[in-house]
Amino acid sequence: MKIISLITLFAYSSIATAGVHCSEKIRGAILHKNSNVYFTTDTTCESWCQIKWTGEGDKNRALSMLIASKTTDKSITFYWENISSCDVKNVTYESPGYIVY
């Protein structure tokens, strides 16, 4: 019984730290000559984050979402896989798992 409880506790703690959804405002976005998209936000990306997705179409759509968010002054939601709280700052050039607008 104790083993099952420990396994259950471990499973739930792993899920809890697996990632976080953060609603953020875009401060700036750059389409660099190296074809990468970089951006800053008001919360987790005070230093530059980037879209590290492989498809050029995916990067273009992500840039469009960033621009729409910035021009309308609406928050955008990022799924960050490597942080567990929206109070944590991402490392420079971190890439979101996905974006919701």
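This briefing describes the fold, the two sheets, the salt bridges and some surface and buried residues of one protein chain.

The structure is a predicted model. The protein chain contains 2 helices and 6 strands, and these elements follow one another along the sequence in the pattern α-β-β-β-β-α-β-β. Of the 101 residues in the protein chain, 33% are buried, while the area that the protein chain exposes comes to about 6,300 Å², with carbon and sulfur atoms supplying 59% of it. When contacts in the protein chain between residues at least 6 apart in sequence are considered, 56% of them join residues at least 24 apart.

**Sheet E1-E5-E6**

- An open sheet is formed by 3 strands in the order E1-E5-E6, and the pairing within it is antiparallel; its edge strands are E1 (20–24) and E6, each of which pairs on one side only.
- Neighbouring strands of this sheet are turned against each other by 25 degrees on average, when direction is ignored.
- Strands E1 and E5 run antiparallel and are joined by 5 bridges, and Ser23 stands opposite Thr77 in E5.
- Helix H2 (residues 56–72) packs on the sheet E1-E5-E6, where the helix touches E5 and E6, and the direction of H2 makes about 135 degrees with that of E5.

**Sheet E2-E3-E4**

- A further set of 3 strands forms an open sheet in the order E2-E3-E4, again with antiparallel pairing.
- Strand E2 (26–31) and strand E4 stand at the edges of this sheet with a single partner strand each, so one side of each is left without a neighbour in the sheet.
- From one strand to the next in the sheet E2-E3-E4, the twist averages 25 degrees.
- Strands E2 and E3 run antiparallel and are joined by 5 bridges, and Leu31 is placed opposite Val37 in E3.
- Helix H2 lies across E2, E3 and E4, running at about 145 degrees to E2, and H2 also packs on the other sheet through E5 and E6.

**Salt bridges**

- A search of the whole structure finds 4 salt bridges, among them the one in which the side chains of Lys89 and Glu46 meet, with an N to O distance of 3.6 Å.
- Lys89 lies in the loop between E5 and E6, whereas Glu46 lies in the loop between strand E3 (37–41) and strand E4 (49–51), so this pair ties together parts that are 43 residues apart in sequence.
- Lys89 is partly exposed, with a relative accessible area of 42%, and Glu46 likewise counts as partly exposed, at 49% relative accessibility.
- Glu56 forms a salt bridge with Lys59, with the closest N and O atoms 3.7 Å apart; these two residues are 3 residues apart in helix H2 and are therefore separated by about one helical turn.
- Within that pair, Glu56 is partly exposed with a relative accessible area of 41%, whereas Lys59 is buried with a relative accessible area of 9%.
- Arg61 forms a salt bridge with Asp58, where the closest N and O atoms are 2.6 Å apart, and both residues lie in helix H2, 3 residues apart, which is about one turn of the helix.
- Asp58 is partly exposed, with a relative accessible area of 32%.

**Surface patch and Tyr93**

- Ile30, Trp48 and Tyr93 form a nonpolar patch on the surface, and together these residues have about 260 Å² of accessible area.
- Tyr93 is placed in the loop between strand E5 (76–80) and strand E6 (98–100), and Tyr93 is partly exposed, with a relative accessible area of 41%.
- Patches are built from residues with over 30% relative accessible area, so Tyr93, with its relative accessible area of 41%, lies over that cut-off.

**Gln50 and its surroundings**

- Gln50 is found in strand E4, and Gln50 is buried, with a relative accessible area of 9%.
- When neighbours within four places in sequence are left aside, the residues in contact with Gln50 include Asn36, Val37, Tyr38 and Phe39.
- The contacts of Gln50 also include Tyr93, Glu94, Ser95 and Pro96; of these, Tyr93 belongs to the nonpolar surface patch with Ile30 and Trp48.

Terms used:
Residues are numbered from 1 along each chain as its sequence is written. This is a predicted model: local features need pLDDT of at least 70, side-chain atom pairs count only at pLDDT 80 or more; totals for chains, interfaces and linings use all residues. Side-chain values use heavy atoms; hydrogens and water are left out. Patches are made of residues with over 30% relative accessible area and no salt bridge: like charges are joined within 9 Å, nonpolar side chains (Val, Leu, Ile, Met, Phe, Trp, Tyr) within 5 Å. Accessible areas come from the Shrake-Rupley method with a 1.4 Å probe; for residues, only the protein chains shown count as cover. Helices (H or I, at least four residues) and strands (E, at least two) are DSSP runs, numbered from the N terminus. Buried means under 20% relative accessible area, exposed over 50%, partly exposed in between (1.4 Å probe, protein chains only). Two strands pair if DSSP finds at least two bridges between them. Axes are lines fitted to C-alpha atoms, for helices over the stretch in contact, and angles run from 0 to 180 degrees between N-to-C directions. Contact means heavy atoms within 4.5 Å.
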